[in-house]
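Me: I would like to work through this protein by question and answer, with the reasoning spelled out at each step.

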Amino acid sequence: MVVAIDGPAGAGKSTLARALAEALGFGYLDSGAMYRAVALAMLEDDGEPAERAAAARIELGDRVVLDGRDVTEAIRAPAVTEAASRIATERAVRSAMVDKQRELVSSGDWVAEGRDIGTVVAPDADLKIFLTASPEERARRRAADLGADWRLVLRDQALRDAQDTERAHSPLRPAPDAIELDTTDRPIEDVVAQVVGLVRDASRR
């Protein structure tokens, strides 16, 4: 079974997906971590982004492993975040990542989160969730994680949202059959419980 969770930055995708995978005993696919891993490889040893994306051996679990090396902490550096956003707009890079992600979710039970899981990576997912929250709420969450001023985060977030929704290849948008959930002012435990119920309903269909 595949549960696809998409949405903009700061909506709570990673928190929900991780908690959901743990509650259900599913694997957790963090697509953002995969792009970050490729970005880290590019920063450490410059090359053609699409070639690096295709060649990278990325393992996901409790830790993120790139070509046999644990990069869980390294991929969270600000420079990596910026580089990941940049290379994610390239069609060839996204194509290579989509191939890897499809291979991962082709067997077993997965909670996969990102920006194009339900529309591109796993359009036949058993359950699709599109997670949203108000721009201000999303910026405050990101700022808390980064230790930054939420107003600055809000400005940068608007640019990222425009980049994600307007790119020509795999733009951020809800799948036609996705269930949209607004997490503004909702405790994560409440959202997780709701989605667990939706997964159980889907598994009975």
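Me: In the loop between which strand and which helix does Asp185 lie?
Reply: This is a predicted model, and in it Asp185 falls outside the helices and strands, in a loop. The elements on either side of that loop are strand S8 (179–182) and helix H9 (188–204).

Me: Is Asp185 buried or exposed, and what is its phi?
Reply: The relative accessible area of Asp185 is 69%, and because the limit for exposed is over 50%, the residue counts as exposed. Most residues other than glycine have a negative phi. Asp185 is not a glycine, and yet its phi is positive, at about 60°.

Me: Which strands enclose the loop of Asp67, and what is the phi of that residue?
Reply: Asp67 lies in the loop between strand S4 (64–66) and strand S5 (69–70). With a relative accessibility of 40%, Asp67 counts as partly exposed. Although Asp67 is not a glycine either, its phi is positive, at about 50°.

Me: Where is Ser134 placed, and with which residues is it in contact beyond its neighbours within four places in sequence?
Reply: Ser134 sits in the loop that joins strand S7 (127–132) to helix H7 (135–146), and its relative accessibility of 23% makes it partly exposed. Once the neighbours within four places in sequence are set aside, the residues in contact with Ser134 are Asp182 and Thr184.

Me: How far apart are the C-alpha atoms of Ser134 and Gly27?
Reply: Gly27 belongs to strand S2 (residues 27–30), whereas Ser134 is a loop residue. The two are 107 residues apart along the chain, and the separation of their C-alpha atoms is 29 Å.

Me: What is the relative accessible area of Gly27, and which residues is it in contact with beyond four places in sequence?
Reply: Gly27 has a relative accessible area of 24%, and since buried means under 20% and exposed means over 50%, the residue is partly exposed. Leaving aside neighbours within four places in sequence, Gly27 has as its contacts Ala21, Asp109, Trp110 and Val111.

Me: How does the reach of helix H5 stand against the span expected at 1.5 Å a residue, and which of its residues are buried?
Reply: Helix H5 covers residues 91–105, which makes 15 residues, and from its first C-alpha to its last it reaches 21 Å, close to the expected 21 Å. The buried residues of H5 include two with charged side chains by the counting of Lys and Arg as positive, and the full set is Val93, Arg94, Ala96, Met97, Val98, Lys100, Gln101 and Val105.

Me: What surrounds Gln101, leaving aside its neighbours within four places in sequence?
Reply: Gln101 is found in helix H5, and at 0% relative accessibility it counts as buried. Its C-alpha atom is separated by 26 Å from that of Arg138, 37 residues away along the chain. The residues in contact with Gln101, apart from those neighbours, are Leu29, Ser31, Met34, Tyr35, Ile117 and Val121.

Me: How many helices and strands does the protein have, and what is its radius of gyration?
Reply: The protein has nine helices and eight strands. For 205 residues the globule rule gives 17 Å, and the protein comes close to that value, so it is as compact as a globular protein of that length, with a radius of gyration of 16 Å.

Me: What share of the contacts with a separation of 6 or more joins residues 24 or more positions apart?
Reply: Of the 205 residues, 49% count as buried. Among the contacts with a separation of 6 or more, the share from residues 24 or more positions apart is 73%.

Methods
Residues numbered from 1 in each chain as written. Predicted model: local features only at pLDDT ≥ 70, side-chain atom pairs only at ≥ 80, totals over all residues. Heavy atoms only, no water. Helix = DSSP H or I, 4+ residues; strand = E, 2+ residues; numbered from the N terminus. Rg over C-alpha atoms; globule rule 2.2 N^0.38 Å. Buried < 20%, exposed > 50% of the residue type's maximum accessible area, 1.4 Å probe, protein only. Contact = heavy atoms within 4.5 Å. Expected span 1.5 Å × (residues − 1).
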